[in-house]
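Notebook open, structure loaded. I want to go through it piece by piece and jot down what turns up.

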Amino acid sequence: MKASYGDFHWSSPKGHVDPGEDDFTTALRETKEEAGYDESDLKIYRDTPLTLNYNVKGKPKVVIYWLAELRDPNKAAILSEEHTELKWLAKEAAKECVGFKDNQVMIDKFHEMILEMDKKSPCPCP
């Protein structure tokens, strides 16, 4: 998603943990708020979190992402005011779009996880 502020960067939904929330609850809330998708719209791989650590304006930031699949790929996003655009991209195009090295590494790691899952349960194609 493309941010509507600052350097108009591209990233997945993320945000601050509210009081009483754990990281996973925050991820669900932020995804709903920023993209309009709730937990029932997603197949979430809860055992596959990846943590990114980086600095924003000199302050450390920690963001935890979970691999997820949109159950209905035709379901349109409902973007918050924080974003102006959403794109679904192939791996290399997504890496180019996000630009940040840590996000690119995350995309590669999630892609490796998808390939491993595909090996374990191959497509029941005719």
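**Helix H2.** I started with H2, residues 91-98, and asked which of its residues are buried. They are Ala94, Lys95 and Val98. I then looked down the axis of H2: the buried residues fall within an arc of 100°, so they line one face of the helix. What do they pack against? The buried residues of H2 pack against helix H3, residues 101-120. Just after H2 I also noted Gly99, with a positive phi of about 75°. A reminder to myself that this is a predicted model, and that I only read local features where pLDDT is at least 70.

**Record check.** I looked up the annotation next. The unreviewed UniProt entry puts "domain: Nudix hydrolase" on residues 1-111. Over residues 1-111 I get 29% helix and 29% strand. The C-alpha atoms at the two ends of that stretch are 18 Å apart.

**Positive phi outside glycine.** Most residues other than glycine have a negative phi, so I went looking for exceptions. Phe8 is one of my entries, with phi near 55°. Where does Phe8 sit? Its place is the loop between strand E1 (2-3) and helix H1 (23-35). Phe8 counts as partly exposed because its relative accessibility is 45%.

Lys57 went on the list too: it is not a glycine, yet its phi is positive, about 55°. I found Lys57 in the loop between strand E2 (42-56) and strand E3 (59-70). Buried or exposed, I wondered about Lys57? It is exposed, with a relative accessible area of 82%.

**The E2/E3 hairpin.** Lys57 made me look at the strands around it. E2 and E3 pair in the antiparallel sense, and I have eleven bridges between them. One of my spot checks was Asn55, whose bridge partner in E3 is Pro60. The hairpin has two residues between its strands, and this is where Lys57 takes its positive phi.

**Aromatic pair.** How many aromatic pairs does a search of the whole structure find? I got one. The partners are Phe24 and Trp66: the ring centres are 5.2 Å apart and the planes are at 85°, so I logged the pair as edge-to-face. For the record, the cut-off for that label is over 60 degrees. The pair links distant parts of the chain, since Phe24 is in helix H1 and Trp66 in strand E3, 42 residues apart. I checked accessibility as well, and both Phe24 and Trp66 are buried.

**Arg46.** From the ring pair I moved to Arg46, which lies in strand E2. Leaving aside neighbours within four places in sequence, what does Arg46 contact? Phe24 and Trp66, the two residues I had just been looking at. I also took the separation of Arg46 and Lys109: 63 residues apart along the chain, with their C-alpha atoms 15 Å apart.

**Salt bridges.** Side chains of opposite charge can pair when their charged atoms come close. My search of the whole structure returned eleven salt bridges, and I wrote up some of them.

- Glu21 and Arg29 meet at 2.6 Å, N to O. Arg29 counts as buried, because its relative accessibility of 18% falls under the 20% cut-off.
- Lys32 and Asp38 meet at 3.9 Å, N to O. Lys32 is partly exposed, with a relative accessible area of 42%, and Asp38 is also partly exposed, at 28%.
- Glu116 and Lys119 meet at 3.3 Å, N to O. They are three residues apart in helix H3, so about one helical turn separates them. Glu116 is partly exposed, with a relative accessible area of 38%, whereas Lys119 is exposed, at 64%.

Last job for the day was to see which salt bridges share partners. Shared partners join Asp18, Glu21, Arg29, Glu30 and Glu33 into one network. Arg29, which I had already logged as buried, belongs to that network.

How values were computed
Residues are numbered from 1 along each chain as its sequence is written. This is a predicted model: local features need pLDDT of at least 70, side-chain atom pairs count only at pLDDT 80 or more; totals for chains, interfaces and linings use all residues. Side-chain values use heavy atoms; hydrogens and water are left out. UniProt positions are given in the numbering used here, feature names are shortened, and annotations may be inferred rather than shown by experiment. Helices (H or I, at least four residues) and strands (E, at least two) are DSSP runs, numbered from the N terminus. Buried means under 20% relative accessible area, exposed over 50%, partly exposed in between (1.4 Å probe, protein chains only). Two strands pair if DSSP finds at least two bridges between them. The arc is that of the directions from the helix axis to the C-beta atoms. Contact means heavy atoms within 4.5 Å. A salt bridge is a side-chain nitrogen of Lys or Arg within 4 Å of a carboxyl oxygen of Asp or Glu. Rings of Phe, Tyr and Trp (its six-membered ring) pair if their centres lie within 6.5 Å; planes under 30 degrees apart count as stacked, over 60 as edge-to-face and the rest as tilted.
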